[in-house]
Amino acid sequence: MAGVDKCLQFETEQECQQWYSDAAEYWQAVPATVNGVLGGFEHLNARDVAASLDFLTPFLAVGGGAGSVGCTYALDCGAGIGRVSKDLLLPIFTKVDLVEQNKKFLDKAPEHLGEYAAKVGNYYAEGLQVGVI
């Protein structure tokens, strides 16, 4: 992510790195389940997916209208175990890549995705701040 300073809100680079380290440590302690990644609010999954679909739908306009992104490829950023990919992105898009810094979550994703795992292009075990995509 050339040209993007991921640490603008911090006084020092050390504070920035500590913030990312603390976040990684937090997520490492979270179970690799839908309830875990939703902080104990698994019952909100369907509502979350429905609201996300409402948000996404205008960008998926058939025929390439203004603002249309099509339905070929999507990137699930902070993918966790693939909850959003399974319930929202993979039913719509031809291929989806998953990016997740917690390898434990990413390792669980193919099992969670079930038959949809075949539609995943790549699994990236990196934090978005690394800028490998």
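**Figure 1. Cysteine residues C71 and C77 in the predicted model.** In this predicted model, C71 has a relative accessibility of 29%, so this residue is classed as partly exposed. C77 likewise falls in the partly exposed class, because its relative accessible area is 40%. The number of disulfides in the structure is zero. C77 also lies at the end of strand β1, which spans residues 73-77 and is one of the edge strands of the sheet.

**Figure 2. Overall arrangement of the chain.** The secondary structure consists of five helices and three strands. Followed along the sequence, these elements occur in the pattern α-α-α-β-α-β-α-β. The chain has 133 residues, of which 29% are buried. Among contacts with a separation of 6 or more, 53% link residues that lie 24 or more positions apart.

**Figure 3. The open parallel sheet.** Three strands, ordered β1-β2-β3, build an open sheet with parallel pairing. Strands β1 (73-77) and β3 form its edges, each pairing on one side only. From one strand to the next, the twist averages 15°. Helix α5 packs on this sheet and touches both β2 and β3; the direction of α5 makes about 155° with that of β3.

**Figure 4. Pairing of β1 with β2 and the intervening helix.** Strands β1 and β2 run parallel and are joined by five bridges. Within this pairing, A74 has V96 of β2 as its bridge partner. Together with helix α4, which covers residues 83-89, the two strands make a right-handed β-α-β unit. Four of the five residues of β2 are buried, and this strand is therefore largely enclosed by the rest of the structure.

**Figure 5. Pairing of β2 with β3 and the second crossover.** Strand β2, comprising residues 95-99, pairs with strand β3, comprising residues 120-124, in the parallel sense over three bridges. Between these strands the chain passes through helix α5 (residues 103-113), giving a right-handed β-α-β crossover. V99 is bridged to Y124 in β3, and L98 stands opposite Y123 of that strand. In a regular strand, side chains alternate between the two faces of the sheet.

**Figure 6. Surroundings of N45 in helix α3.** N45 belongs to helix α3, which extends over residues 45-56. With a relative accessibility of 14%, below the 20% limit for the buried class, N45 is counted as buried. The side chain of N45 forms a polar contact of 2.6 Å with the side chain of R83. Apart from neighbours within four places in sequence, N45 is in contact with V34, L38, R83 and D87. Of these partners, R83 and D87 fall within the residue range 83-89 of helix α4.

**Figure 7. Surroundings of K86 in helix α4.** K86 is located in helix α4 and, because its relative accessible area is 28%, counts as partly exposed. Its side chain reaches the backbone oxygen of H112 at a distance of 3.1 Å. When residues up to four places away in sequence are not counted, K86 touches P91, H112, L113 and Y116. Two of these residues, H112 and L113, fall within the range 103-113 of helix α5. K86 and P110 are 24 residues apart along the chain, and their C-alpha atoms are separated by 9.9 Å.

Definitions and conventions. Residues are numbered from 1 along each chain as its sequence is written. This is a predicted model: local features need pLDDT of at least 70, side-chain atom pairs count only at pLDDT 80 or more; totals for chains, interfaces and linings use all residues. Side-chain values use heavy atoms; hydrogens and water are left out. A disulfide is a pair of cysteine sulfur atoms within 2.5 Å. Buried means under 20% relative accessible area, exposed over 50%, partly exposed in between (1.4 Å probe, protein chains only). Two strands pair if DSSP finds at least two bridges between them. A crossover is right-handed if, with the strands pointing away from the viewer, the path from the first strand over the helix to the second runs clockwise. Axes are lines fitted to C-alpha atoms, for helices over the stretch in contact, and angles run from 0 to 180 degrees between N-to-C directions. Contact means heavy atoms within 4.5 Å. A polar contact is a pair of N or O atoms within 3.5 Å; within protein, one must be able to donate a hydrogen and the other to accept it, and residues adjacent in sequence count only if both atoms are side-chain atoms.
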